[in-house]
Amino acid sequence: MEKHGTVSENLAEVHHRMDTAAAAADRNSANIALVAVSKTVDASGIVPALDAGQRIFGENRVQEAKAKWPALRERYPDIELHLIGPLQSNKAHEAVALFDVIQTVDRPKIAEALAAEMDRQGRAPKLFVQVNIGNEPQKAGIAPEAAVAFVEQCRREFGLSIEGLMCIPPHEDDPEPHFRKLAQLGREAGLRSLSMGMSADFEEAIRCGATYVRVGSAIFGERA
Ligand SMILES: *Cc1c(COP(=O)(O)O)cnc(C)c1O
């Protein structure tokens with residue numbers, strides 16, 4: 001996707017498309033949040049989005065987020081920061097300290113490390129379980145067949161409250177069957193939040209029940 005306008009214009013356009021997709025699906029767009037994915041965008045590139053009123057952001061690397069966001073938070077204290085990239089258990093400490101939402105809980109070891117850190121720090125970021133919805137060998141996420149049991153394990157064994165499910169469908173596939181499958185798994189697990197849909201497919205995701213869409217290049221332009 002090409003960058004056609006300023007960040008502020010792009011944000012307005014994405015919101016307009018979200019509203020239109022919600023209306024077409026008979027949904028209230030107030031129930032769908034936009035996570036602006038600012039990975040690779042430096043602080044000066046993020047400020048225009050903040051000045052346009054955007055407050056929810058997604059980053060995929062803990063170190064990059066740690067370098068950019070503490071200073072921005074001083075100027076804009078009401079930011080909600082989401083981790084949307086893979087998490088190693090040795091980064092659990094930093095992730096719990098920095099993020100308000102961690103979308104990529106995908107194995108018992110991470111769940112256990114997060115539970116311990118949340119206890120230690122007295123912080124409780126909202127947690128999503130990432131599902132490897134297309135069963136791709138190279139991709140992060142719990143297998144779809146194991147997702148509902150894993151949500152249960154997070155609750156029972158680690159005492160974690162899970163907010164929802166997140167997925168990234170296979171690049172080459174029609175995303176819609178994958179989005180529908182994630183929605184079905186969410187119902188089975190008793191979860192209401194679904195993080196799905198990116199720049200190329202957030203309208204389909206909204207049609208399938210997304211409550212968070214994660215949009216980067218349609219807001220900030222193509223990444224280098
Ligand atoms: C980069 C990224 C996005 C945003 O992708 P765009 O195509 O730029 O909108 C969304 N989700 C995750 C997990 C990402 O890593």
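Where does H3 bend, and by about how many degrees? Select tryptophan 69: H3 bends there by about 35 degrees. Proline 70 follows within four residues. The bend at a residue is the angle between axes fitted to the seven residues ending there and the seven starting there.

**Before you go on**

This is a predicted model, in which local features need pLDDT of at least 70, side-chain atom pairs count only at pLDDT 80 or more, and totals for chains, interfaces and linings use all residues. Residues are numbered from 1 along each chain as its sequence is written, and side-chain values use heavy atoms, with hydrogens and water left out. Helices (H or I, at least four residues) and strands (E, at least two) are DSSP runs, numbered from the N terminus.

**Stop 1: helix H3**

Select residues 62-75. This is H3, with 14 residues. From first C-alpha to last, H3 reaches 20 Å, close to the 20 Å expected at 1.5 Å a residue. The expected span is 1.5 Å times one less than the number of residues.

Now show the side chains of Val62, Glu64, Ala65, Lys68, Trp69 and Leu72. These residues of H3 are buried. Buried means under 20% relative accessible area, exposed over 50%, and partly exposed in between (1.4 Å probe, protein chains only). Trp69 is thus both the site of the bend and one of the buried residues.

Add the surroundings. The cover over the buried residues of H3 includes helix H2 (43-51), strand S2 (56-59), strand S3 (80-83) and helix H4 (92-98).

**Stop 2: helix H6**

Select residues 144-158. H6 has 15 residues and spans 20 Å from first C-alpha to last, close to the 21 Å expected. Its buried residues are Pro144, Ala147, Phe150, Val151, Cys154 and Phe158. An α-helix has 3.6 residues a turn, so residues three or four places apart point the same way.

What lies over the buried residues of H6? The cover includes strand S4 (101-105), H5, S5, strand S6 (162-167) and H7. Step past the end of the helix to glycine 159. Its phi is positive, near 65 degrees.

**Stop 3: H6 against H7**

Two packed helices are described by the angle between their axes and the distance between the axes. Add residues 175-189, which form H7. H6 and H7 pack at an angle of about 35 degrees, with their axes 10 Å apart. Axes are lines fitted to C-alpha atoms, for helices over the stretch in contact, and angles run from 0 to 180 degrees between N-to-C directions.

The crossing is right-handed. A crossing is right-handed if the near helix is turned clockwise from the far one by less than a right angle, and left-handed if anticlockwise.

Which residues make the contact? From H6, pick Pro144, Ala147, Val148, Val151 and Arg155. From H7, pick Lys181, Leu185, Glu188 and Ala189. Contact means heavy atoms within 4.5 Å. By class there are six nonpolar, no polar and three charged residues. Ala, Val, Leu, Ile, Met, Phe, Trp, Tyr, Cys and Pro count as nonpolar, Asp, Glu, Lys and Arg as charged, and the others, Gly among them, as polar.

**Stop 4: H5 against H6**

Swap H7 for H5, residues 108-121. The axes of H5 and H6 come within 10 Å and cross at roughly 35 degrees. This crossing is right-handed. H5 supplies Pro108, Ala111, Glu112 and Ala115 to the contact, and H6 supplies Phe150, Gln153, Cys154 and Phe158. They divide into six nonpolar, one polar and one charged.

**Stop 5: two loops with positive phi**

Go to aspartate 26, in the loop between helix H1 (7-24) and strand S1 (33-37). Phi is near 60 degrees, a positive value in a residue other than glycine. Aspartate 26 counts as exposed because its relative accessibility is 74%.

Next, asparagine 135, in the loop between strand S5 (126-131) and H6. Phi there is near 50 degrees, again positive in a residue other than glycine. At 42% relative accessibility, asparagine 135 counts as partly exposed.

**Stop 6: two buried loop residues**

Select proline 170, in the loop between S6 and H7. Proline 170 is buried, with a relative accessible area of 4%. Leaving aside neighbours within four places in sequence, proline 170 contacts Ile133, Gly134, Glu136, Lys139 and His178.

Finish at glycine 216, in the loop between strand S8 (212-215) and helix H9 (217-220). Is glycine 216 buried or exposed? It counts as buried, at 6% relative accessibility. Not counting residues up to four places away in sequence, glycine 216 touches Val37, Ser199, Gly221 and Arg223.
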